[in-house]
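Trainee: Please take me through one part of this model slowly, beginning with a single pairing and working outward. I would like to see how that part sits among its surroundings.

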Amino acid sequence: MSSAVERLAARVGEAVGAEVELERPRDPAHGDFATNVAMRSARAIGRSPRDLAQELAEKVIELDEIDSADVAGPGFLNLRVGDRFYLGALADIDERYGGGSAGTRERVQVEMVSANPTGPIVVSAARNGAYGDSVARLLEFAGHDVKREYYYNDAGRQVDLFRASVEALRRGEEVPEEGYKGAYVGELAKRGGDPVPPMLASIEQSLERFRIHFDSWALQSELERRLPEFLPRLETYQKDGALWARSSAYGDDADWVIVRSAEKGGTPTYRAADIVYLVDKLERGFDRAMYVLGADHHATAKWYRAIARMLGYDELRVEVLLYQFVHLTRGGETSKMGKRSGNVFLLDDFIDEVGVDAARWFLVNRGPDQTIEIDLDLAAEKTAKNPVYYVQYAHARIASILRSAGETPIGGDPPGPIAAEEKELIKRLTDFPETVREATERRGPQLLPAYAIRLADDFHRFYHERRVLGVPEQAFRLGLIRKTQLVIARALDLVGVEAPESM
């Protein structure tokens, strides 16, 4: 369903005979919406942009939704909309408002976190999960069929060191110099058997607590066994006793070893497992294979696309999302992380300290291309200084008002003109579909916390200036804040944050 702004743009476009895009002016004094259609069209017909804009203003003023149309600057057309527009916009808002934007429904796999099962999830890997899961939520809301997968290396040098570290403690010996020394290693040493399965179960439990549920888990060791199936389909060559993929001929920066030389064990590299894994994803029927990786994996992103080309798949079915790293501060000092040293800041510790909601919010409220610095003191605050608390409080305040209203009517037309604060709140609500669409297309969930703060600002401003209960406008205003509550809840849910009924 088209949004109120899209419908208005279409109506204005019909009136002026050209495609129109509407924008919100930064200064509300310039109107509710603006378009540069006159500036875009004037040259082609040999007209002055201002003269054309004035002519178009006289046409659009005839529309029922438009109260006034003014010309500004070199030819901007500034529009003020009437109550009919605002009431139509409110009528659009329901539980699915802003969703269903996918033009073509796709089956998408989002593979994320995928840390080796050699230790608990640390905050840096948690950003991977928060970012990937928020993108997955956006894709689902748009209408795509999304599955989440965790891929882990259950064999190889690091896992061998992990097992050796646990075994050393079981024998009462020192952990190997390059081994794993966290307290969790000692806990695992007290238990019998292979430490990898219980470590993996602990990782899964932490991520479930973090509101990330994986639909499937992939093992590198199982994928490596299928490598012989694919070697005949690859362009390879021998060098220094190793088998290389000629990936540079398919857009990669370099060629890569996929089977080590006999002197180095003759075993497949993790690049070899990548080949099998990508084919496995695509042959499972996914239209899009999405990988979430740290910013130091630029080379891996090119490698995946080269694999697709080499094996005859459409490289556009492969999408790699890169994100920067996380720094935690307390009292102005950096908290260090390091899984192997044991000097770690674990996801579970982070959640214990600031809560799941703040943890999710602060790990996605910056673009993936930006390093995040999280102030632990601020994230733990239960005051309006903490942005996630501020937004949640707006939702809880609305819930409280609705409870106080009891069984009284909610919604309907206002008894008089819509007030300025009500208009600003409704206009902010009309921004939501485009915000969600842009966040989905850009893979940029950080747009949602930014939007939620602005929406909370507008709600608090409205509530400060206008009474809701016990006034002639009560039913209309209850309807307005109920719609606001729905949008706040959806914006929070799309980044994995809960919308509380009370605080």
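Mentor: Start at Val108, whose bridge partner in strand S10 is Arg288. Keep in mind throughout that this is a predicted model. The pairing between Val108 and Arg288 belongs to a set of four bridges that join S4 to S10 (residues 288-294), and these two strands run parallel.

Now look to the other partner of S4. Strand S4 (residues 107-111) is joined to S5 by five bridges, and this pairing is parallel as well. Gln109 has Lys147 in S5 as its bridge partner, and Val110 stands opposite Arg148 in S5. To get from S4 to S5 the chain passes through helix H5 (residues 123-142), and this β-α-β crossover is right-handed. Strands of a sheet pair through backbone hydrogen bonds, either parallel or antiparallel.

How enclosed is S4? Residues count as buried when their relative accessible area is under 20%. Four of the five residues of S4 are buried, so the strand is largely enclosed by the rest of the structure. S5 (residues 145-152) has six buried residues out of eight, so S5 too is largely enclosed by the rest of the structure.

Go one strand further, from S5 to S6 (residues 216-219). These two pair in the parallel sense over four bridges. Tyr150 stands opposite Trp217 in S6, and Tyr152 stands opposite Leu219 in S6.

The whole sheet can now be put together. It is open and has five strands in the order S6-S5-S4-S10-S11, with parallel pairing. S6 and S11 (318-323) are the edge strands, and each of them pairs on one side only. From one strand of this sheet to its neighbour, the average turn is 25°, direction ignored. In a regular strand the side chains alternate between the two faces of the sheet.

The helix that links S4 and S5 leads on to the packing. Ile121, Phe210 and Phe350 touch the most other members of the largest nonpolar core, which has 127 residues. H5 gives the most to this core, with 10 residues. Phe210 is worth a look of its own. Neighbours within four places in sequence aside, the contacts of Phe210 are Ala126, Ala130, Leu347, Ile351, Val356, Ala359, Arg360 and Leu363. A second core of 31 residues is separate, and its members include Phe230, Ala273, Ile275 and Leu278. In soluble globular proteins, nonpolar side chains tend to be buried together.

For contrast, turn to the other sheet, that of S7, S8 and S9. This open sheet of three strands has the order S7-S8-S9, and its pairing is antiparallel. S7 (236-239) and S9 (256-259) stand at the edges with a single partner strand each, so one side of each has no neighbour in the sheet. The twist from one strand to the next averages 45°. Four bridges join S7 to S8 (residues 242-245), in the antiparallel sense. Within this pairing, Thr236 stands opposite Ala245 in S8.

Last, look at the helices near the start of the numbering. In helix H2 (residues 37-45), Val37, Ala38 and Ala42 are buried. Seen down the axis of H2, its buried residues fall within an arc of 115°, so they line one face of the helix. An α-helix has 3.6 residues a turn, so residues three or four places apart point the same way. Arg43 and Ala44, on the other side of H2, are exposed. The buried residues of H2 pack against helix H1 (4-16), strand S1 (33-35) and helix H3 (49-60). Just after H2, Gly46 takes a positive phi of about 70°.

H1 also holds Arg11. With a relative accessibility of 30%, Arg11 counts as partly exposed. Residues up to four places away in sequence aside, Arg11 touches Leu63, Asp64 and Glu65. Between the C-alpha atoms of Arg11 and Arg233 there are 55 Å, and the two residues are 222 residues apart along the chain.

To return to the start: Val108 pairs with Arg288 in S10, and Val110 stands opposite Arg148 in S5. S4 therefore has S5 and S10 beside it in the order of the five-stranded sheet, and four of its five residues are buried.

Definitions and conventions: Residues are numbered from 1 along each chain as its sequence is written. This is a predicted model: local features need pLDDT of at least 70, side-chain atom pairs count only at pLDDT 80 or more; totals for chains, interfaces and linings use all residues. Side-chain values use heavy atoms; hydrogens and water are left out. Buried means under 20% relative accessible area, exposed over 50%, partly exposed in between (1.4 Å probe, protein chains only). Two strands pair if DSSP finds at least two bridges between them. A crossover is right-handed if, with the strands pointing away from the viewer, the path from the first strand over the helix to the second runs clockwise. A nonpolar core is a set of buried Ala, Val, Leu, Ile, Met, Phe, Trp, Tyr and Cys residues joined through side-chain atoms within 4.5 Å. Contact means heavy atoms within 4.5 Å. Axes are lines fitted to C-alpha atoms, for helices over the stretch in contact, and angles run from 0 to 180 degrees between N-to-C directions. The arc is that of the directions from the helix axis to the C-beta atoms.
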